[in-house]
Amino acid sequence: MAVVLLLLIPLPFLLYIAAPQIRKMLSSGVCTSTVQLPGKVAVVTGANTGIGKETARELAQRGARVYLACRDVQKGELVAKEIQTKTGNQQVLVRKLDLADTKSIRAFAKGFLEEEKQLHILINNAGVMMCPYSKTADGFEMHMGVNHLGHFLLTHLLLEKLKESAPSRVVNVSSLAHHLGRIHFHDLQSEKFYSDGLAYCNSKLANILFTRELARRLKGSGVTTYSVHPGTVNSELTRYSSFMTWMWWLFSFFLKTPQQGAQTSLYCAITEGLEILSGKHFSDCQVARVSAQARNETVARRLWDVSCDLLGIPLD
């Protein structure tokens, strides 16, 4: 009888009822660290929405001085006021950062270095997903330009300050989608072939390769770095794809909330004892498997050199 009654219940209603349990199952992994951050300085890119916003709020809640590095300063100011109100921490600041323009990146870094004496946490969170083909102000394909090259340059410009402030950490937000990515050095800007989905995957693979090579270069410096998969999160990341926006809406009951999605970034930013795992990839607050290409040290080193060349950074 129970089975018959179950079959009579509309599927959408069943999904609605089951959603909290399914979401809980899919969002295992919570940062349980009790570390407080008074006197610490953090920069979070893309902090005016989604995972970045929640990451910034969590850091502010723990007492850090937090910079929201945003392209939309007006929206960032509203978020800063919201975080200040919720946390009681008034040290939440907004600064302009457009990762699609190296001039903006350099201007942000210059201003920050003039303003701050220390930097303990850099979270490279901002990103674009499934954009129509377009280029950044410097002629880079948008996904590779924003998701990888923009953060590569920002990290380079702030690296000496991170070293001076050690122990410090760099967290790069990647994705499970990196498994579908490839680094095509002969067509890094996707001028010969373009797929908005694959372009995103390629840029997320670049995030992991950058993390691994950065960790290798920073051994013994007191600066450690980690890449993270935040999970499938209900955020504005799909805004460029009407299909993905519809899919996200359809399955929204089963997606992580931005707060849940921020947990692994937070875990890698503040959890004590992670130094030995520098360069590793994390998901749900634990080390996660990466693709074979993401483990390729030769590709990682070549991508580093190519990135330096594209950005006008002298090679070591």
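1. Let me start with strand S1, which is covered on both faces in this predicted model. Val 41, Val 43 and Thr 45 are buried on one side, and Ala 42 and Val 44 are buried on the other. Counted by residue, five of the five residues of S1 (residues 41–45) are buried.

2. A good residue to click on in this strand is Val 43, which is found in S1. Its relative accessibility is 0%, so Val 43 counts as buried, the cut-off being under 20%. Setting aside neighbours within four places in sequence, Val 43 is in contact with Tyr 67, Ala 69, Phe 108, Phe 112, Leu 119, Ile 121, Leu 122 and Ile 123. You may also like to check a C-alpha pair here: Val 43 and Val 94 are 51 residues apart along the chain, and their C-alpha atoms are separated by 9.8 Å.

3. Next, the partner strand. S1 and strand S2 (residues 65–70) pair in the parallel sense, over five bridges. To follow the register by eye, begin with Val 41, whose bridge partner in S2 is Arg 65. Further along, Val 44 stands opposite Leu 68 in S2, and Thr 45 has Ala 69 as its bridge partner in that strand. S2 is mostly covered too, with five of its six residues buried.

4. How many strands form the open sheet, and in what order? There are eight, running S3-S2-S1-S4-S5-S6-S7-S8, and their pairing is mixed. The edges are taken by strand S3 (92–96) and strand S8 (286–287). Each of these has a single partner strand, so one side of each is left without a neighbour in the sheet.

5. Two helices are worth viewing against that sheet. Helix H4 (residues 73–87) packs on it and touches S2 and S3; the direction of H4 makes about 170° with that of S3. H6 also packs on the sheet, where it touches S1, strand S4 (121–124), strand S5 (168–173) and strand S6 (223–229). Between the direction of H6 and that of S4 the angle is about 175°.

6. H6 (residues 142–164) also packs with helix H5 (residues 102–115), at an angle of about 20° and with the axes 10 Å apart. Angles under 35 degrees count as roughly parallel, and H5 and H6 are therefore roughly parallel to each other. Their crossing is right-handed. On the H5 side the contact is made by Thr 102, Ile 105, Arg 106, Phe 108, Ala 109, Phe 112 and Leu 113; H6 brings Gly 150, Leu 153, Leu 154, Leu 157, Leu 158 and Lys 161. By class, these residues divide into nine nonpolar, two polar and two charged. Do keep Phe 108 and Phe 112 in view while you are there: they belong to this helix contact, and both are among the residues in contact with Val 43.

7. A second helix pair makes a nice contrast in geometry. Helix H3 (residues 50–61) and helix H10 (residues 263–270) pack at an angle of about 40°, with their axes 9 Å apart. That angle makes H3 oblique to H10. Here, too, the crossing is right-handed. In H3, the residues Thr 55, Glu 58 and Leu 59 meet Gln 263, Ser 265, Leu 266 and Ile 270 in H10. The contact of H3 with H10 has three nonpolar, three polar and one charged residues.

8. Finally, some backbone details for your own checks. Which residues are joined by a cis peptide bond? They are Ala 166 and Pro 167, with omega at about 5°; Pro 167 lies in the loop between H6 and S5.

9. Please look at two phi values as well. Met 130, although not a glycine, has a positive phi of about 55°. This residue is found in the loop between S4 and H6. Is Met 130 buried or exposed? With a relative accessible area of 16%, Met 130 is buried. Asp 284 is not a glycine either, and its phi is positive at about 50°. Asp 284 lies in the loop between strand S7 (281–283) and S8, and S8 is one of the edge strands of point 4.

Conventions: Residues are numbered from 1 along each chain as its sequence is written. This is a predicted model: local features need pLDDT of at least 70, side-chain atom pairs count only at pLDDT 80 or more; totals for chains, interfaces and linings use all residues. Side-chain values use heavy atoms; hydrogens and water are left out. Axes are lines fitted to C-alpha atoms, for helices over the stretch in contact, and angles run from 0 to 180 degrees between N-to-C directions. Helices (H or I, at least four residues) and strands (E, at least two) are DSSP runs, numbered from the N terminus. Angles under 35 degrees count as roughly parallel, over 145 as roughly antiparallel, 65 to 115 as roughly perpendicular and the rest as oblique. A crossing is left-handed if the near helix is turned anticlockwise from the far one by less than a right angle, and right-handed if clockwise. Contact means heavy atoms within 4.5 Å. Ala, Val, Leu, Ile, Met, Phe, Trp, Tyr, Cys and Pro count as nonpolar, Asp, Glu, Lys and Arg as charged, and the others, Gly among them, as polar. Buried means under 20% relative accessible area, exposed over 50%, partly exposed in between (1.4 Å probe, protein chains only). Two strands pair if DSSP finds at least two bridges between them.
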